[in-house]
Amino acid sequence: MNTCKHIITIGREYGAGGRSVAKRISAVLGIPYYDKEIIKMTAEKTGLTEDLIQGTEEHDGGRTLFNWLFPSGSISTYDQAVLAQAQMIRRIAEQGPCIIVGRGADYILRDLPNVVNVFLYAEKKDKLQYAMNTFGDSPEEAARRVRHADAARESYYHYLTKAKWGDLKNYHLSLNSSPIGKEACAEIVIQYAMKKP
């Protein structure tokens, strides 16, 4: 297979398989993938706690990346964590082709020409089943977990971008992993990335 030249970002609903798809693409193309690793790397670089950085995806606010880069006043610890994570994503992208899961990477890297932005979603029943299988949730607990996780991701994306999370216009590919499975989704992304100039 030809060498992949692109950075692939994967936005995802809870239970749609973002990490699984990223791992599969990574294995096939031989490029690294980053998901929760970004939290650890950011904490090591900045001295901020992993809990603080991880908590950024559960916040709803009113600033955009522009406000962080050109602040008009003091910057909160929370905003420091969000900006540090964005800067880490930029550093990772500078190292070459890779896969980055979540954290608004499509927006953070929007000025780069060699990016493929993907959004994964899934049917509600499959998302609930994922939560029940992974955490042993009851159907009610699973429904709460899915609702909370998706709401947190949507809130974080809006906080970062002021744009709508999952909006088709923000992505090159939007895939429903329920009917075809995660491996097939990975294959579609690989084919797209290899053909995109």
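In this predicted model, T9 sits across from N117 in β4. That contact belongs to a longer pairing: β1 and strand β4 (residues 115-121) run parallel and are joined by 6 bridges. β1 also has strand β3 (residues 98-101) as a partner, again in the parallel sense, this time through 4 bridges. Here I8 is the residue that faces I99 in β3.

With partners in β3 and β4, how much of β1 ends up buried? The count is 6 of 6 residues, so to speak a mostly covered strand. Its side chains split into two sets: I7, T9 and G11 point one way, while I8, I10 and R12 point the other way. Both sets are buried.

β1 turns up again when it comes to empty space inside the protein. The structure has 1 cavity of 30 Å³ or more, and the largest cavity holds about 110 Å³ of space. Its lining is made up of 15 residues, and G102, R103, G104, Y157 and W165 are the ones closest to the centre. Three elements, β1 (7-12), α6 (105-108) and α8 (139-161), each give two or more residues to this lining. Which of them gives the most? That would be β1, with 4 residues.

As for chemistry, the lining of the largest cavity is a mixed bag, with 6 nonpolar, 4 polar and 5 charged residues. Put together, β1 is a buried strand that pairs with β3 and β4 and also gives 4 residues to the cavity lining.

How values were computed: Residues are numbered from 1 along each chain as its sequence is written. This is a predicted model: local features need pLDDT of at least 70, side-chain atom pairs count only at pLDDT 80 or more; totals for chains, interfaces and linings use all residues. Side-chain values use heavy atoms; hydrogens and water are left out. On a 1 Å grid over the protein atoms alone, a cavity is a set of points where a 1.4 Å probe fits but cannot get out, and a pocket is an open set with protein on both sides within 12 Å along at least five of seven lines; lining residues have an atom within 4 Å of a point. Grid points are joined across faces, edges and corners, and a volume is the space filled by probe spheres set on the points. Ala, Val, Leu, Ile, Met, Phe, Trp, Tyr, Cys and Pro count as nonpolar, Asp, Glu, Lys and Arg as charged, and the others, Gly among them, as polar. Buried means under 20% relative accessible area, exposed over 50%, partly exposed in between (1.4 Å probe, protein chains only). Two strands pair if DSSP finds at least two bridges between them.
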